[in-house]
Amino acid sequence: MGYVPGRFDRDGAEHMNQIAKTVFAPVYPVIAKQIIERCRISRGRCLDVGSGPGSLGIALAQASDLTVTLLDSSVEMLALARENIREAGLSDRLSLLSGDVHNIPLPARSVDVAVSRGSIFFWEDLPRAFSEIHRVLAPGGKTYVGGGFGTAELRDAVLVAMTKENPDWKNFRDRNLGPENRERVAGVLADLGLPHRLVSDDSGFWVVMEKER
Ligand code: SAM
């Protein structure tokens, strides 16, 4: 069966891992670099929310001195992430955390940068999820939360490959990154009164926040 978005059981996790290591593989180092540049952060504590098999967190650790916690609600994803961390030789700087974005099992003000790619579209209660992310941010802490592929070239290459697996994938992508969803997220952040900046360009759609000091 082709890739089924939103399926995070064992088969879904294995498929996500396989895609992350092939079709999506060039995307993560590009996004990691964009995070480091746009958030102006290269050390401290990073939380990768909905990390899946860990590719973004691993790319971030490889490109910086950040220590990274991979948070995911799927134990199957975290089992694969554990293996990927070991293969990358980064067990000293990456750790796993089983939990839900709606109830992040971390103390307040314990994270310097919260990143998330491709997970927000599955969160059931966006106001609660963003409140939780904001709670765990340290004063001056940043977010880079959203979805995308880094560049137009990578986005188009991923589309070609993913459409072979799932002819409906373009609709799924466009729904997630399209104007309706962007406005919905912007509305949630405005209602919460959380100062933020929305990046919407060839790199994707990203919520950039800086917590008040
Ligand atoms: N961030 C990874 C990447 O870009 O390769 C994985 C993206 S995958 C499409 C979405 C991930 O979000 C899955 O691993 C899923 O288990 C996780 N997820 C979905 N809802 C979640 C929630 N409420 N709390 C934590 N993780 C969640």
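How much area does the chain expose, and what share of it do carbon and sulfur atoms supply? The chain exposes about 9800 Å², of which carbon and sulfur atoms supply 50%, the areas coming from the Shrake-Rupley method with a 1.4 Å probe.

This is a predicted model, in which local features need pLDDT of at least 70 and side-chain atom pairs count only at pLDDT 80 or more, while totals for chains, interfaces and linings use all residues. Residues are numbered from 1 along each chain as its sequence is written, and side-chain values use heavy atoms, with hydrogens and water left out.

**View 1. A salt bridge between K21 and E87.** The side chains of these two residues meet at 3.4 Å, N to O, where a salt bridge is a side-chain nitrogen of Lys or Arg within 4 Å of a carboxyl oxygen of Asp or Glu. The pair links distant parts of the chain, with K21 in helix α1 (residues 10-21) and E87 in helix α4 (residues 75-88), 66 residues apart; helices are DSSP runs of H or I with at least four residues, numbered from the N terminus. K21 is partly exposed at 43% relative accessible area, whereas E87 is exposed at 53% (buried is under 20%, exposed over 50%, partly exposed in between, with a 1.4 Å probe and protein chains only).

**View 2. A network of salt bridges that links R155, D156 and D202.** Within this network, R155 and D156 meet at 3.3 Å, N to O. R155 is partly exposed at 24%, and D156 is partly exposed at 38%.

**View 3. A salt bridge between E210 and R213.** Their closest N and O atoms are 4.0 Å apart; E210 is partly exposed at 39%, while R213 counts as exposed at 79%.

Conventions: Helix = DSSP H or I, 4+ residues; strand = E, 2+ residues; numbered from the N terminus.
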